[in-house]
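Open the model in a viewer and keep the selection panel at hand. The stops below go from one selection to the next.

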Amino acid sequence: RALVVSLIFKAYLSISRRLSGAGIIAGDAIPPEERSGAELFHTPTLRSAQLFERVCSEQPVCDPIGRPEVHAAALKQATGEAIYTDDIPRMDGELYLGLVLSTKPRAKITQLDASKALALEGVHAFFSHKDLTEHENEVGPVFHDEHVFAAGEVHCYGQIVGAVAADNKALAQRAARLVRVEYEELAPVIVTIEQAIEHGSYFPDYPRFVNKGNVEEAFAKAEHSYEGTCRMGGQEHFYLETHAAVAVPRDSDELELFCSTQHPSEVQKLVAHATTLPAHRVVCRAKRLGGGFGGKESRGISVALPVALAAYRLRRPVRCMLDRDEDMLITGTRHPFLFKYKVAFTSDGLITGCDIECYNNAGWSMDLSFSVLDRAMHHFENCYRIPNVRVGGWICKTNLPSNTAFRGFGGPQGMFAGEHIIRDVARIVGRDVVDVMRLNFYKTGDLTHYNQQLERFPIERCLQDCLEQSRYNEKCAEIVQFNSENRWRKRGMAVIPTKYGIAFGVMHLNQAGALINVYGDGSVLLSHGGVEIGQGLNTKMIQCAARALGIPIELIHISETATDKVPNTSPTAASVGSDLNGMAVLDACEKLNKRLAPIKEALPQGSWQEWINKAYFDRVSLSATGFYAMPGIGYHPETNPNARTYSYYTNGVGISVVEIDCLTGDHQVLSTDIVMDIGSSINPAIDIGQIEGAF
């Protein structure tokens, strides 16, 4: 109703301006500060500039590290020639799998009848939990608290109840709609964090707490204290390529999977579990993904497992690629969070203590929610030193599709709370928020509330560079003037610093492997444990190998990520893909260099091709594996107090100017400046692409 009134008023302002322009009504009929209310937003001409460190002139020309090399598949992707999972040509006898989804958020399945679907010509089979033993049907990335097919009860709308294999997609989806599922609804249905709190619906072993200093004493001595709450909703991943899988039986007891997943080893392991095959008879391949953002780290199993099971039982190739609406219905989102905090601070705005409760909405199963909560609890203070801290975490069990990893993995949600706290403090003491930020910033050498020392902490420099680059002070004055001259248009500016810890929260995932094969013509085939999601990981790995071997990047190729080349891989996630796999690639290259060293000494003027040729005829192995385990991490307050939680931190500051239309709520970002400190970039073009893409 308010919007309709606003739009009528907008039309009135617009018509009045035109009438006064034509001289029909007086020019001052509409006051000057009201006139801009008639305008609509138009997309401005985009202008951007990227600044990065240039490689020193002494670096050899063939050394690509630090140079803005073009993404290895950029041209293929731009022309549409890049092959994704569903672009694999149809095979002889291939079937399509249509999924039967729950239409209730919480209910008992009283009847499951597929007879009408199976009566259709071209429908070959229907699969449900009855086709698996209880053990085979229980799956999950860490805890096996999910099901391949819902068993007896559904826990969310969109849960997979069964699957229909048919000759083509249209037929499979039509048949899936004919499967009759009858329910007996159960109560209560819990959707929000508040409902979970009301019903005490938490996962076992929670809440958990992290403590530092003496919070009670800090509040007793505080000049000021404030209690507040803030919340952050979910977010859809919206990768361009939805979840997809193609399974092909090879021989009588082998399965090959092509899957759009960030974690091929996880898919291999769970397919082996559901089909009762040993893992060495299941190969999972991922050539490239059309985006992932964490949504394909653990949720790929929703599609891969039914597809693999159908292919294994029917001895025919089976494929499934979710439609966008199915993908958004079945897969989870970013974790919604609710924070309740109490903060103690001085009259200057120096924070002396904080007691904060973090609640995340996990959905119906655990998935990776425990790890997301850990990271949020570790990042809630963002860049600010708080000497006395008590942070508690609750994982809420609700009737939503299981929420999952999503770019930042709890970090952004935690930092969101920290930025609310710093603004509350600045508002109460009446100081500029940037001054209060500076007063509270960590300094190099400080300890976090989880006892990690900050070895280098360049946030002050990032902030100063960003303030200067964005003309912060000038823009502040311009905004004040604009807001005083316009009643229905307002502008504002936000400054956000960040600190993000680099490492998997789970110790054993911080490892990677690589395999390098050099062929007789000198060309190099590189395999590593990371997946190319579009982020440019393969390009960086080629650069690492080119530097280590001292050869041009044109001689190196990465075909795919596959579990039969590099086993037991970690997911490509947590911003450690290039750290872990790059070091594994270097390890393999060093082994090759050692073997080639005597040949290079004997032929100092030889070319790479000549050295490789000589090595082959001298019967020197031209294949090497590499491995890397991240050192010095795995902090635990009792069992490993001297280790670090994170390998290091990346820091950045962003400043945006935004204009809003107070009548319609429409908004437009007018300018953004971002300064990131990511150390020495392997490839500035790709790193800037990642930063801009994330923004």
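Is R319 buried or exposed? Select R319: its relative accessibility is 5%, so R319 counts as buried (buried is under 20% relative accessible area, exposed over 50%, partly exposed in between, with a 1.4 Å probe and protein chains only).

Two remarks on the model before moving on. This is a predicted model, in which local features need pLDDT of at least 70 and side-chain atom pairs count only at pLDDT 80 or more, while totals for chains, interfaces and linings use all residues. Residues are numbered from 1 along each chain as its sequence is written, and side-chain values use heavy atoms, with hydrogens and water left out.

**Stop 1: D86 and R319**

Add D86 to the selection. The side chains of D86 and R319 form a salt bridge, at 3.1 Å from N to O (a side-chain nitrogen of Lys or Arg within 4 Å of a carboxyl oxygen of Asp or Glu). D86 sits in the loop between α3 (74-79) and β1 (95-101), and R319 in strand β14 (residues 318-321), so the pair ties together parts that are 233 residues apart in sequence. Helices (H or I, at least four residues) and strands (E, at least two) are DSSP runs, numbered from the N terminus. D86 is partly exposed, with a relative accessible area of 33%.

**Stop 2: P317 and E94**

Select P317, in the loop between α10 (301-314) and β14. P317 counts as buried, at 11% relative accessibility. Which residues does P317 touch, not counting residues up to four places away in sequence? They are M91, D92, G93, E94, L95, A247, V248 and P249, where contact means heavy atoms within 4.5 Å. Measure from P317 to E94: the C-alpha atoms are 4.6 Å apart in space, and the residues are 223 apart in sequence.

Stay on E94, which is buried at 3% relative accessibility. E94 forms a salt bridge with R90, and their closest N and O atoms are 3.6 Å apart.

**Stop 3: other salt bridges**

How many salt bridges does the structure hold? The count is 39. Another one to display joins K614 and D618, with the closest N and O atoms 2.8 Å apart. Both partners are partly exposed: K614 has a relative accessible area of 35%, and D618 is at 38%. Then select R250, E256, R285, E560, D564 and K565, which are joined into one network by salt bridges that share partners.

**Stop 4: α12 and α13**

Select helix α12 (residues 369-379) and helix α13 (residues 411-429), whose axes come within 7 Å and cross at roughly 30°. That makes α12 roughly parallel to α13 (angles under 35 degrees count as roughly parallel, over 145 as roughly antiparallel, 65 to 115 as roughly perpendicular and the rest as oblique). Axes are lines fitted to C-alpha atoms, for helices over the stretch in contact, and angles run from 0 to 180 degrees between N-to-C directions.

Show R375, A376 and H379 of α12 together with G411, G414 and M415 of α13, since these residues make the contact. They divide into two nonpolar, three polar and one charged (Ala, Val, Leu, Ile, Met, Phe, Trp, Tyr, Cys and Pro count as nonpolar, Asp, Glu, Lys and Arg as charged, and the others, Gly among them, as polar).

Now look at α12 by itself. Of its 11 residues, 10 are buried, including F370, V372, L373 and M377. Against which elements do the buried residues of α12 pack? They pack against β9 (208-212), β15 (337-345), β16 (351-363), β17 (388-397), α13 and β18 (489-502).

**Stop 5: T192**

Select T192, in the loop between β8 (180-185) and α7 (193-199). T192 is partly exposed, with a relative accessible area of 31%. Leaving aside neighbours within four places in sequence, T192 is in contact with N361 and T398. The C-alpha atoms of T192 and T398 are separated by 7.1 Å, although the residues are 206 apart along the chain.

**Stop 6: α17 and α18**

Finish with helix α17 (residues 537-549) and helix α18 (residues 577-602). Their axes come within 8 Å and cross at roughly 25°, and α17 and α18 are therefore roughly parallel to each other. The contact residues to show include L537, M541 and C544 of α17 and G577, V585 and L592 of α18. By class, the contact of α17 with α18 has 10 nonpolar, five polar and two charged residues.
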